[in-house]
Amino acid sequence: MKNRVIFITGANGGLGKTVTNRFLATGATVIGSSRKITAAEFPQPNFVALPVDFTQPAAIRAAVETIIAKFAKLDVLIHVLGGFAAGSIAETSDATWQQMQNLNLNSAFYVFRETLPHLRKSGAGRIIAVGSLAATEPHAGLGAYVVSKVALATLIRIVALENADAGLTANIVLPGTMDTPANRKAMPAADPSKWVRTSEVADVLVWLAGENAGQINGAAIPIPGKS
């Protein structure tokens, strides 16, 4: 992947750090982005930090313009960014509902819209999003979160259908509970040995971004962890 330019959203989060380091190890040029991020977090010569508020369409547009101005192309978008909130529908506030839509759906729509024209020019463009295994069926007490993740999975399938003509693929991975510091803190009584390792998710993302995955398009790939 040494000649590939890869844009990663949520690059310094619990999963994002592992994903970013995994792509850096391939030799690709990696633009890592989140609301707050610095080059010092990933001290590699092939890393570029790009702070972006992904709830703001104009900020995303400016970020993509910056990438194209610097590298003249974009080959891969890895959309890791997302958020979580629990609560029944009756308990969900307007703010929480909107936050889940903004972080898990609207951000994806905005960044897909801005990157697609450039990814189509790649000839082997890739969009890979990180969703949630919870999106495969309804869950009580997670309404706003699950609805936003279901919509994200559908959005990916539409992007796949609309852009297959350009050799571009769009897929989504659906991890179960991941072994991150935040999840360990939130669920201290749980057994993290059964959770999905972030390295496992990163390996799937790298494979989907590679040449050998060109026939995989519109897929939702579950990564459930140990039962």
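Here is a walk through one pocket and one pair of packed helices.

You're looking at a predicted model, where local features need pLDDT of at least 70 and side-chain atom pairs count only at pLDDT 80 or more, while totals for chains, interfaces and linings use all residues. Residues are numbered from 1 along each chain as its sequence is written, and side-chain values use heavy atoms, with hydrogens and water left out.

Let's start with the helices (DSSP runs of H or I, at least four residues, numbered from the N terminus). Find α3, residues 94–122, and α4, residues 143–163. Two packed helices are described by the angle between their axes and the distance between the axes. Here the angle is about 15° and the axes are 8 Å apart. Angles run from 0 to 180 degrees between N-to-C directions, with axes fitted to C-alpha atoms over the stretch in contact. Because angles under 35 degrees count as roughly parallel, α3 and α4 are roughly parallel to each other.

Which residues in α3 meet α4? Among them are Trp97, Leu105 and Phe112, and the α4 residues in this contact (heavy atoms within 4.5 Å) include Tyr145, Leu152 and Val159. The contact divides into 15 nonpolar, four polar and three charged residues.

Now for the largest pocket, an open set of points on a 1 Å grid where a 1.4 Å probe fits, with protein on both sides within 12 Å along at least five of seven lines. Its lining (residues with an atom within 4 Å of a point) has 37 residues, and Phe84, Tyr145, Met178, Thr180 and Asn183 lie nearest the centre. α1, α4 and α5 each give two or more residues to this lining, and α5 gives the most, with four.

Definitions and conventions. Parallel < 35°, antiparallel > 145°, perpendicular 65-115°, else oblique. Nonpolar A, V, L, I, M, F, W, Y, C, P; charged D, E, K, R; others polar.
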